[in-house]
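Q: Could you pick one part of this chain and take me through it closely? I'd like to know who sits across from whom, and how far the model can be trusted around it.

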Amino acid sequence: MQSRFQKCRVLCCGLVAAGWPIASAQAVTLGQIEEFTIPGGGWRSGASLNFIATGGPAGAGDGYLEISRPDEPDFLGVYTVDPAWGGETTMPSDYVGAGVGAITMDVVNFGPAPVELRILMEAFDGAVAWSTTSAFNVSPAGTWRRLRFELSEAEMTEVRNDQEPSLTLADTLGAVERFLIRHDPGPVSSTRENPGGAILTTIGIDNLKAEEIPEPGVPFLIALAAGLGGVRRVRTARGSKRGASGHSRDPVL
Ligand SMILES: [Ca+2]
């Protein structure tokens, strides 16, 4: 029987062979940045996904990731298969232990339609999911702007928990297996597969950074750390329930 590490190695090797290199094979670390300096990096989407070698926030020679629905309106978003961002079921990423309390990123919308961006974090085979509650409205101005998504109870909403009612945001952020950035218009969506907003537009993202929890959030970090004691217990208790959620591992975005 393959160990979880062996399974991850097989998966990573397969993705590299497919021409989509994984930027790293380690858990999230405070201050890590995805600058899209090379194609790939372990990002996936049901939309058109392209590495653009120039025109990022720093201008000429600054690569970025383009996510586009150029022909027909459909769901727009991107998720990662890089364990460093929490994109691998067999290697959950511990945002709490790393002290990461926010995700910042540069975003541009080339239009023609405005987008409403949220991020979604999933754990426990997709059984539990939290989304940022409020969306950032990014107009099709074609200019880069920096967004900051706070990973806190105050800024996030539990949109799915169909396995363990006792699981908390701390449990989820302590074992992230899926990290999505998506157009989710209107009230926060409760589903992964249908965020509720088909759109025709083209956006770019760059300089994703795992930021520390701001000073006022220190008590929150302590609270999260205290909550970690339940993570292993819950994951162990969930062992027989894994795979029973019925959620696809290939989100439609
Ligand atoms: Ca860049």
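A: Two strands count as paired here if DSSP finds at least two bridges between them. Strands themselves are DSSP runs of E with at least two residues, helices are runs of H or I with at least four, and both are numbered from the N terminus. Keep in mind that this is a predicted model: local features need pLDDT of at least 70, side-chain atom pairs count only at pLDDT 80 or more, and totals for chains, interfaces and linings use all residues. Residues are numbered from 1 along each chain as its sequence is written.

The chain has five helices and 13 strands, and the part I'd zoom in on is strand β13, residues 201–212. Strand β6 (residues 100–112) runs antiparallel to β13, joined by 10 bridges. Along that pairing, isoleucine 103 stands opposite alanine 210 in β13, and aspartate 106 faces aspartate 206. Aspartate 106 has a partner in another strand too: arginine 146 in β10. Strand β10 (residues 145–150) is antiparallel to β6, with six bridges between them.

Back at β13, strand β4 (residues 64–68) also pairs with β13 in the antiparallel sense, through four bridges. There, glutamate 66 sits opposite glycine 204. Strand β1 (residues 33–34) adds two antiparallel bridges to β13, and lysine 209 in β13 is the bridge partner of isoleucine 33.

Glycine 204, which is in β13, deserves a pause. Glycine 204 counts as buried because it has 23 C-beta neighbours inside 10 Å; the cut-offs are 20 or more for buried, 12 or fewer for exposed and partly exposed in between, counting other C-beta atoms within 10 Å, all placed from the backbone. Glycine 204 and isoleucine 67 are 137 residues apart in sequence, yet their C-alpha atoms are 6.1 Å apart. Setting aside neighbours within four places in sequence, glycine 204 is in contact (C-beta atoms, placed from the backbone, within 7 Å) with Ile52, Tyr64, Leu65, Glu66 and Val108.

Next door, isoleucine 205, with the same kind of neighbours left out, touches Tyr64, Leu65, Met105, Asp106, Val107 and Ile181. Isoleucine 205 is also one of the residues, along with Met121 and Leu173, that touch the most other members of the 51-residue largest nonpolar core. The largest share of this core, six residues, comes from strand β7, residues 115–123. A nonpolar core, for the record, is a set of buried Ala, Val, Leu, Ile, Met, Phe, Trp, Tyr and Cys residues joined through C-beta atoms within 7 Å. In soluble globular proteins, nonpolar side chains tend to be buried together.

For the wider picture, 42% of the chain's 253 residues count as buried, and 77% of the contacts between residues at least 6 apart in sequence join residues at least 24 apart. As for trust, the mean pLDDT (the predictor's confidence in each residue, from 0 to 100) is 80, and 72% of residues reach 70 or more. Residues 1–25 fall below 50, with 26 contacts in the model beyond near neighbours in sequence. Residues 228–249 are also below 50, with 27 such contacts.

Technical notes:
Contact = placed C-beta atoms within 7 Å.
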